[in-house]
Amino acid sequence: MSLPYFLCDDPAAGRLDGPEGRHAVTVKRIEPGEHIMLIDGSGRTAEISVTEITGKDSLVGEVVRVDDVPQPRPRVTVVQAIPKSERAELAVDLAVQGGADEIIPWISHRTIARWQGPKVAKNVEKWQATAREAAKQSRRAWVPEVREPVTTNQLAELVRGHAAYVLHEDASTSIKDIDLDVDHLYLIVGPEGGIGQKELAGIPAASISMGPEVLRTASAALAALSAIGALTHRW
């Protein structure tokens, strides 16, 4: 069984405290003698043999090994049209499990959920918290960053000149036929109601198919990332 992962600023120091320490000591009930993995979310990991527990939120241990895990290639940014609230966190969770390296919320023309004013920062942090927990659960050394949301016009400027693909049910090109020998690509996932033709035409990205079935917005990124993982050296 793989070791439990916990986030900290300096994994090589062999110390864990604060909210993550409380989760390890109080929730997971980690005890001296057990091994855990500390990560900084940016590729550095350290296996720790726990030697001492202090209070309800602190532990220290001996460093067994330290590794620096490189980012996978291609780096994949998932642009996710903001789903309804009950599906939003699921979409983020599944994308992180699939290996997303970055997530950008997209306010498309057909997006029902609208982030405005104070809701923007609150929802970005909610998505980021979901990404952190999914990364730990998936035993990932890299925690994807959730960016500020973009409009369709901003998305068009963002992906212009880059390898960018819209997952679309009517596309004639399969994901297995695109060039994945790139350093970075964008996967664009539309809203529940689909992407309108006018909006689609304004995004400088190729449309690709994930097969004959129509995927839900919450699971589309996971399916595409899984295909990319199998078709490249990411897996």
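The following exchange concerns the fold and the nonpolar cores of a predicted model. Local features need pLDDT of at least 70 and side-chain atom pairs count only at pLDDT 80 or more, while totals for chains, interfaces and linings use all residues. Residues are numbered from 1 along each chain as its sequence is written, and side-chain values use heavy atoms, with hydrogens and water left out.

Reader: What is the radius of gyration of the protein?

Author: The radius is taken over C-alpha atoms, and the globule rule is 2.2 Å times the number of residues to the power 0.38. For 235 residues that rule gives 18 Å, and the value for the protein is close to it, so the protein is as compact as a globular protein of that length. The radius of gyration is 19 Å.

Reader: Which residues touch the most other members of the largest nonpolar core?

Author: A nonpolar core is a set of buried (under 20% relative accessible area, 1.4 Å probe, protein chains only) Ala, Val, Leu, Ile, Met, Phe, Trp, Tyr and Cys residues joined through side-chain atoms within 4.5 Å. The largest such core has 40 residues. Those touching the most other members are Ile103, Trp127, Leu185 and Leu187.

Reader: Where does this core lie with respect to domain 1 and domain 2?

Author: Domain bounds come from an automatic or database domain assignment. Domain 1 (5-68) and domain 2 (75-231) both give residues to this core, so the core lies between them.

Reader: How many residues does the second, separate core have?

Author: This core includes Val79, Ile104, Val159 and Ala164. Its residues number 14.

Definitions and conventions. Buried < 20%, exposed > 50% of the residue type's maximum accessible area, 1.4 Å probe, protein only.
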